[in-house]
Amino acid sequence: MLIVNSKRLARVLLLTAAMVPGCGSISLFLQQPGIVQAEDSQWIRPTQPGDPLLWGRKDGVVFGLPSAGGLPGPRGLIRVGVISASTGRPELLNYIAVEPVVAGRGNRGDRMGFSELEPSEMDPGSVGKRLWLGPGDSGPPGGTLSVLSNPPHAGERLTVRIEVERFQANGAHVFLVASMDSNHPNEIQMAVRAYEDSPRIEELTLSATMGNYERLRWLWLKDRLVDSRQLYRGYRGEDFAEGATYPLPVMLRNSAGDAIVFCTANEADPQTNPDFTAPDHWRYRLGRLTQYWRVPASDIRPNLRVRVNGRRVYWNSHAALAGGIAFENFELRQTYQPGQVFVFGVTAKEPWEIQPTIQHVAHARKPEAN
């Protein structure tokens with residue numbers, strides 16, 4: 001990260017802008033001592049109060065919070081999307097829920113909170129916890145854009161602190177810091193933390209909750225491809241099909257030692273929406289994408305594991321997914337440590353096409369014809 005004398009640099013830049021024609025539009029934010037803040041046309045971020053709460057990259061992924069004009073959806077969920085090739089506008093792809101588990105005896109589920117399902121105390125009568133920008137962001141809610149200079153991380157980093165309303169079910173009081181790097185435009189890094197007044201946190205899970213939208217049916221593990229239609233064969237209900245957890249030894253690892261798990265559609269072109277009978281907001285509008293979670297090697301705990309569930313029908317409807325049951329929630333769970341990072345990524349590449357090559361990717365399987 002570039003370390004400078006902030007006051008001296010600001011004085012030089014102001015003099016430059018005054019003396020050189022055309023430099024009057026220089027926009028710099030010295031919000032943190034020693035860190036240069038810069039604008040970049042590839043970034044998507046709010047610029048004025050009241051703008052949609054949406055951040056990210058035109059050449060990658062975007063994320064947002066519930067807000068007027070932002071990506072649609074329920075309260076209590078972080079939105080994840082990409083820029084639509086057909087409209088050039090951000091298009092919703094998935095949601096990320098915050099699910100803290102407090103330490104204690106008894107069943108894990110009884111000690112767990114669900115950010116999108118719990119009633120709000122801050123907004124009585126509403127379901128879903130309030131999510132808002134953290135106290136570190138002042139002025140326009142654009143986040144903090146920092147210049148990084150140390151290879152191989154040279155580039156820019158956008159950082160946004162997201163506050164989460166305290167959970168009633170277990171008392172958990174947590175927040176997360178989301179960031180994106182310009183040289184990794186397809187990934188959102190999310191560091192999770194608990195406040196001192198929170199009960200002790202056992203796990204602080206971030207769950208991708210809407211796999212049914214793209215109809216994700218293939219889970220990529222070490223030398224293994226799990227198909228939701230085989231995993232949940234015989235299930236005919238309209239609730240969640242549970243019972244699928246995979247430990248760290250069966251997860252993929254990259255050359256840096258990071259743990260990775262991919263989830264993809266089985267269809268060659270899920271945008272065709274074959275035999276579609278659901279409400280129109282469930283109609284998939286993007287191309288075939290690979291969604292994945294990655295945990296940096298330094299944040300891996302021994303009990304790291306992949307957990308999925310499935311749904312045969314779309315949420316809040318009786319409309320069955322054409323082609324069979326798909327994965328709905330897709331997440332990583334592990335023992336909490338303050339500041340641990342979970343990375344959510346989206347790419348148009350197939351798992352075996354991602355560079356550098358990841359060893360032990362399950363045998364490449366061509367998508368099925370729609």
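In what order do the nine strands of the open sheet stand? The order is β3-β4-β5-β6-β7-β13-β21-β20-β16. This is a predicted model: local features need pLDDT of at least 70, side-chain atom pairs count only at pLDDT 80 or more, and totals for chains, interfaces and linings use all residues. Residues are numbered from 1 along each chain as its sequence is written, and side-chain values use heavy atoms, with hydrogens and water left out.

**Figure 1. Nine strands form an open, antiparallel sheet.** Strands (E, at least two residues) and helices (H or I, at least four) are DSSP runs, numbered from the N terminus. Two strands pair if DSSP finds at least two bridges between them. The edge strands are β3 (43–44) and β16 (240–247), and each pairs on one side only. Within the sheet, β7 (residues 90–102) meets β13 (residues 201–208). Seven bridges join β7 and β13 in the antiparallel sense. Across this pairing, Ala97 stands opposite Ser207 of β13. Strands of a sheet pair through backbone hydrogen bonds, either parallel or antiparallel.

**Figure 2. Ser207 is a buried residue of strand β13.** Its relative accessible area is 0%. Buried means under 20% relative accessible area, exposed over 50%, and partly exposed in between (1.4 Å probe, protein chains only). Ser207 and Trp293 are 86 residues apart in sequence. In space, 9.7 Å separates Ser207 from Trp293, C-alpha to C-alpha.

**Figure 3. Strand β11 pairs with β10 and with β12.** Seven of the eight residues of β11 (residues 174–181) are buried, so this strand is largely enclosed by the rest of the structure. Strand β10 (residues 155–164) runs antiparallel to β11, with seven bridges between them. There, Leu158 stands opposite Met180 of β11. Strand β12 (residues 184–194) is also antiparallel to β11, again through seven bridges. Val177 has Ala191 of β12 as its bridge partner. Two residues lie between β11 and β12, which form a hairpin.

**Figure 4. Tyr213 and Tyr284 make an edge-to-face ring pair.** Rings of Phe, Tyr and Trp (its six-membered ring) pair if their centres lie within 6.5 Å; planes under 30 degrees apart count as stacked, over 60 as edge-to-face and the rest as tilted. By this rule the structure has eleven aromatic pairs. In one of the eleven, the ring centres of Tyr213 and Tyr284 are 5.0 Å apart and the planes stand at 70°, so the pair is edge-to-face. The pair links distant parts of the chain, 71 residues apart. Tyr213 belongs to helix α2 (residues 211–214), and Tyr284 to the loop between β18 (259–265) and β19 (290–295). Tyr213 and Tyr284 are both buried. Elsewhere, ring pairs link Trp218, Trp220 and Trp352 into a cluster.

**Figure 5. Two arginines place their charged ends over aromatic rings.** A charge sits over a ring if NZ of Lys or CZ of Arg is within 6 Å of the ring centre and within 35 degrees of the ring normal. The charged end of Arg57 sits over Trp43, 4.6 Å from the ring centre. For Arg311 over Phe240, the distance to the ring centre is 4.8 Å.

**Figure 6. The structure holds two cavities of 30 Å³ or more.** A cavity is a set of points, on a 1 Å grid over the protein atoms alone, where a 1.4 Å probe fits but cannot get out; lining residues have an atom within 4 Å of a point. Grid points are joined across faces, edges and corners, and a volume is the space filled by probe spheres set on the points. The largest cavity has about 50 Å³ of space. Its lining includes Arg215, Phe276 and Tyr314. The second largest cavity has a volume of about 30 Å³. Among the residues lining the second largest cavity are Thr264, Arg288 and Glu350.

**Figure 7. Asp223 and His360 have positive phi values, and a cis peptide bond precedes Pro356.** Most residues other than glycine have a negative phi, and most peptide bonds are trans. Asp223 has a phi of about 55°. Asp223 lies in the loop between β14 (216–221) and β15 (224–227). Asp223 is exposed, with a relative accessible area of 54%. His360 has a phi near 70° and is partly exposed, at 42%. His360 lies in the segment after β22. Pro356 also lies in the segment after β22 (341–347). The cis bond joins Gln355 and Pro356, with omega about -10°.

Conventions:
1 Å grid on protein atoms, 1.4 Å probe; cavity = no way out; pocket = protein on both sides within 12 Å on 5 of 7 lines; lining within 4 Å.
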